[in-house]
Amino acid sequence: MSGIAMPAPDAAILARAPQIVAALRAALPTDAVIWDPEETRAYECDALTAYRCPPLAVVLPRTTAEVAAAMRICHDLRVPVVPRGAGTSLAGGALPTADCVIIATLRLRDVLKIDTQNRFIRVQTGVTNLSVSAELEAHGFFYAPDPSSQLACTIAGNIAMNSGGAHCLKYGVTTNNLMGATVVLPTGEVVELGGPEMGPAGLDLLGLLCGSEGQLGIVTEATLRILPRPEGARPVLIGFDDPEVAGECVARIIRSGVLPVAIEYMDDVCLRAVESFARAGYPDCAAVLIVEVEGSPAEIDHQIARIREIAGALNPVEFRESRNADEAMAIWKGRKSAFGAMGRLGDYICLDGTVPVGQLPHTLKMIGELSRQHGLEVANVFHAGDGNMHPLILFDANTPGDLARAEAFGADILRLCVEVGGCLTGEHGVGIEKRDLMGSQYDAPDLDIQMAVKDVFDPRWLLNPAKVFPLEASRPWREGGAGR
Amino acid sequence: MILDHPSRAALNPASEAELAALIAQRFAARQPLRIAGGGTRVETGAVPGDVLSTAAIGGVVTYEPGEMTLIARAGTSLDDIEAMLAAEGQALAFEPADMRGLLGRNGTPTIGGVVAANASGPRRLLAGACRDHLLGVRFVDGQGRVLKNGGRVMKNVTGLDLGKLLCGAHGTLGVLTEVALKTLPHLPDRCTLGLHGVTVEEAVAIFSAALATPFEVSGAAFRDGSAWLRVEGLGPQMTYRRDRLLTLLKPRVAELLDDVSTLALWRELRDLAHFAGSDAPLWRVLVKPSDAPATVRALQALGGEASLDWGGGLVWYCGPGTAQAVRQVAPHATLVRRGGLAGPAFPPQAPAVARLSAGLRRVFDPAGILNPGLMDS
């Protein structure tokens, strides 16, 4: 383990492990409860792999009723619960503790209803993000949020983390596409929020739930807004000598009234890695933008002409249009392989701060300076249209102290994001990774009211405790909850 | 300033700090407050206490067109904001209504009031509601604490999203002092397709067909036997979308409205001009669009008129039906204009939702002094 601490497991709970497992087994199908250490090890971490800890047990329910039964037992026996989707969190959102039961949504795999007339799909939340759009393809619809882990990540995790993706500049993130949810509260009580109607009449509990990182409940079914598939989409690639000019280009495109579905940015470190890995044929320059627009062929031509005009005034080293599907795929190829390409350079941690778009050039410059100070290389690849940066800090996991140095560098970058008017996390969530940085974005009373809100849903503080909120700040709440 | 009750004091704090001090004092004394922005949007007449307006806490903090971001203090007038955005070719895409005609008010709508009401007009169908464009808030809670949540950037998942709770809470969880909103390009070209002599069943079928196309229909409303579809775009994009929809709906389309007429029509539809100038109770009903025809028929059977927005997802009913009768037909009905009807304006909630909502109110407003009773259901 490195710098981020978790509370010591509760010895009393560990001592009761056999009774806890027995209670779960009595209430659930035989294959739904895992406690053999050989098998629970598969759940010891999520995609923040530097942190690992096998849980006390894992529950794999197939229905809302089974999730509710497991939650009720954990509540009655006062056992912490860590909700888990596919375990792709980069922030440690699904990291277990030794005294917790994981309740995973993986086996909740049914598509319950596709209603194109009312434009929604109802699913169990263990379905993967990509499979939702795949189900809709034959109907001419799609589900908009498209996190880069979409092949593996589940709707439950997407809702818990309010996931985004490359196309949210136009279509918004999960919260903008979530219409309803079946939620199991920590007591095991089942609540319906929202539905196929547009918006609640009372308080927006669904909006509160989305992105709450498993702090308030476990979502077992969801009603998602679906959209008609666009007629077509085409990217252009624009290369620049100067990152600041690339940043200026982003702002000018947005001001022009053209609203692309995506504007992606890659810096020189990333471009070199991608070239040697994927041979995407990207220009050798300081920064590349990939801008994608949608519509009919004529609409696309018109929008690309506008973008060409805007970019042309800034003297790009290259402006590459895709004329067909193959060329479009070639433009996206490098971007989509960026994380894999970076992985070949060594270990990396992937950050997720957001800054105001106008602050991108300044932030990039400052990240470069921090990189020199910390003596670690950084690559930048991100969603430029909405300022959501993903600096990748390269380090060597086999060099003692290197991870800690990378984490310190990362914390400096995130504090920088907040200083220039942005935030700690745009789409990955706080989890454990940014938990103790929350004080740089929020004052104590701002955090206190968030914890008071969690307390309404989870008075015993059993659900994903010791995450999201700084450990010291949440201690009185967690200890108070234990007495209830 | 709204003052329909001469014995109430009118409180107009000029800053967030003054507001916080005032609420802290009322919290200590357990004295209720009737919170309003410009007082144009919600009937708060039954709420006890002195009237507290945020209209004097105004001014734009920043507007960055290249970032599609606006930060304004709560009391900033909506008109001023819309004019400032229009000068840069942008707009608040959720198209908040002007409720003055409908409710017989003459105040000045404020951006804080828009957010507190989650006010969202016809384009909600395509662009989302006010809450979907809200990036961050500053507010004063029921103890007088100045709090913030969210920020000014478009992607932000840092901690719990309390902005969503405040948006649509009508001041009952806290008094907004500053809001950050996403702005969007105001598409320069528009037109409207009109289909006349259609039944409500036909209208919803037409909406459903049009909204299943990728032509980004940005308005789908029905009143008085006419269905209206709005198409917007950038130059040739608009004409292309219009022509494709004309082909799809032919020979039903009887009228094509130009830019100027489109602006005028959708302003009327947005502001419910057809239900203004009356005192009859007005209900806002959220339904699954395919349920709209049956809902409309059942409401009309109670007497009065109904119209549709959001492709059938929103039914407006203006008529003499009793609260009990209306809610029997439409469980999600909210009373927007009382017209003499007593009782809760908001629809009943499932017990668990009601319990969680009450728990949240105790967190934000432990003494129950912020617009008490306004959101009772």
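The following exercises, each with a worked solution, concern a predicted model.

**Exercise 1. The interface between chains A and B**

Determine how many residues of chain A and chain B are in contact, which elements of chain A take part, and how the residues on the side of chain A divide by class.

*Solution.*
Step 1. Count the residues on both sides: 72 residues of chain A meet 70 residues of chain B.
Step 2. Identify the elements of chain A that give two or more residues to this side: strand E9 (190-194), helix H8 (205-209), helix H9 (243-255), helix H11 (297-312), helix H16 (438-441) and helix H17 (444-457).
Step 3. Find the main contributor among these elements. H17(A) gives the most, with eight residues.
Step 4. Sort the residues on the side of chain A by class. There are 32 nonpolar, 28 polar and 12 charged residues.

**Exercise 2. A helix pair in chain A**

Describe how helix H2 of chain A and helix H4 of chain A are arranged, and name the residues that make the contact.

*Solution.*
Step 1. Consider the two quantities required: packed helices are described by the angle between their axes and the distance between the axes.
Step 2. Apply them here. The axes of H2 (residues 17-27) and H4 (residues 64-76) of chain A come within 10 Å and cross at roughly 155°.
Step 3. Classify the angle. An angle over 145 degrees counts as roughly antiparallel, and H2(A) is therefore roughly antiparallel to H4(A).
Step 4. Assign the handedness: the crossing of H2(A) with H4(A) is right-handed.
Step 5. List the residues in contact. H2(A) supplies Ala23(A), Leu24(A) and Ala27(A), and H4(A) supplies Ala69(A), Ala70(A) and Ile73(A).
Step 6. Classify these residues: six are nonpolar, with no polar and no charged residues.

**Exercise 3. A seven-stranded sheet in chain A**

Establish the strand order of the open sheet of seven strands in chain A, explain why one side of each edge strand lacks a neighbour, and locate the helices on the sheet.

*Solution.*
Step 1. Read the order, which is E15-E12-E14-E13-E17-E18-E16 of chain A, with antiparallel pairing.
Step 2. Examine the edges. Strand E15 (318-321) and strand E16 (347-350) of chain A each have a single partner strand, so one side of each has no neighbour in the sheet.
Step 3. Note the twist, which averages 20° from one strand to the next.
Step 4. Inspect one pair in detail. Strand E17 (residues 378-383) and strand E18 (residues 391-395) of chain A run antiparallel and are joined by three bridges. Val378(A) stands opposite Ile393(A) in E18(A).
Step 5. Place the helices. H9(A) packs on the sheet, where it touches strand E12 (233-240), strand E13 (262-267) and strand E14 (287-294) of chain A, and its direction makes about 15° with that of E14(A). Helix H10 (residues 268-278) of chain A lies across E13, E14 and E17 of chain A and runs at about 90° to E13(A).

**Exercise 4. Domains and a parallel sheet in chain B**

State how chain B is divided, characterise the contact of domain 2 with domain 3, and describe the open sheet of three strands.

*Solution.*
Step 1. Set out the domains of chain B: domain 1 (1-186 + 346-377), domain 2 (189-271) and domain 3 (274-337).
Step 2. Locate the centres of domain 2 and domain 3 of chain B, which 22 Å separate.
Step 3. Count the contact residues: 12 come from domain 2 of chain B and 12 from domain 3 of chain B.
Step 4. Find the largest share of the domain 2 side, which is seven residues from H8(B).
Step 5. Turn to the sheet. Its order is E1-E3-E2 of chain B, and the pairing is parallel. Strand E1 (10-11) and strand E2 (33-36) of chain B are the edge strands.
Step 6. Examine the pairing of E2(B) with strand E3 (residues 50-53) of chain B, which spans four bridges. Ile35(B) stands opposite Leu52(B) in E3(B).

Conventions: Residues are numbered from 1 along each chain as its sequence is written. Chains are lettered from A and ligands numbered from 1 in the order in which they are written. This is a predicted model: local features need pLDDT of at least 70, side-chain atom pairs count only at pLDDT 80 or more; totals for chains, interfaces and linings use all residues. Two residues are in contact if their C-beta atoms, placed from the backbone, lie within 7 Å. Ala, Val, Leu, Ile, Met, Phe, Trp, Tyr, Cys and Pro count as nonpolar, Asp, Glu, Lys and Arg as charged, and the others, Gly among them, as polar. Axes are lines fitted to C-alpha atoms, for helices over the stretch in contact, and angles run from 0 to 180 degrees between N-to-C directions. Angles under 35 degrees count as roughly parallel, over 145 as roughly antiparallel, 65 to 115 as roughly perpendicular and the rest as oblique. A crossing is left-handed if the near helix is turned anticlockwise from the far one by less than a right angle, and right-handed if clockwise. Domain bounds come from an automatic or database domain assignment. Two strands pair if DSSP finds at least two bridges between them.
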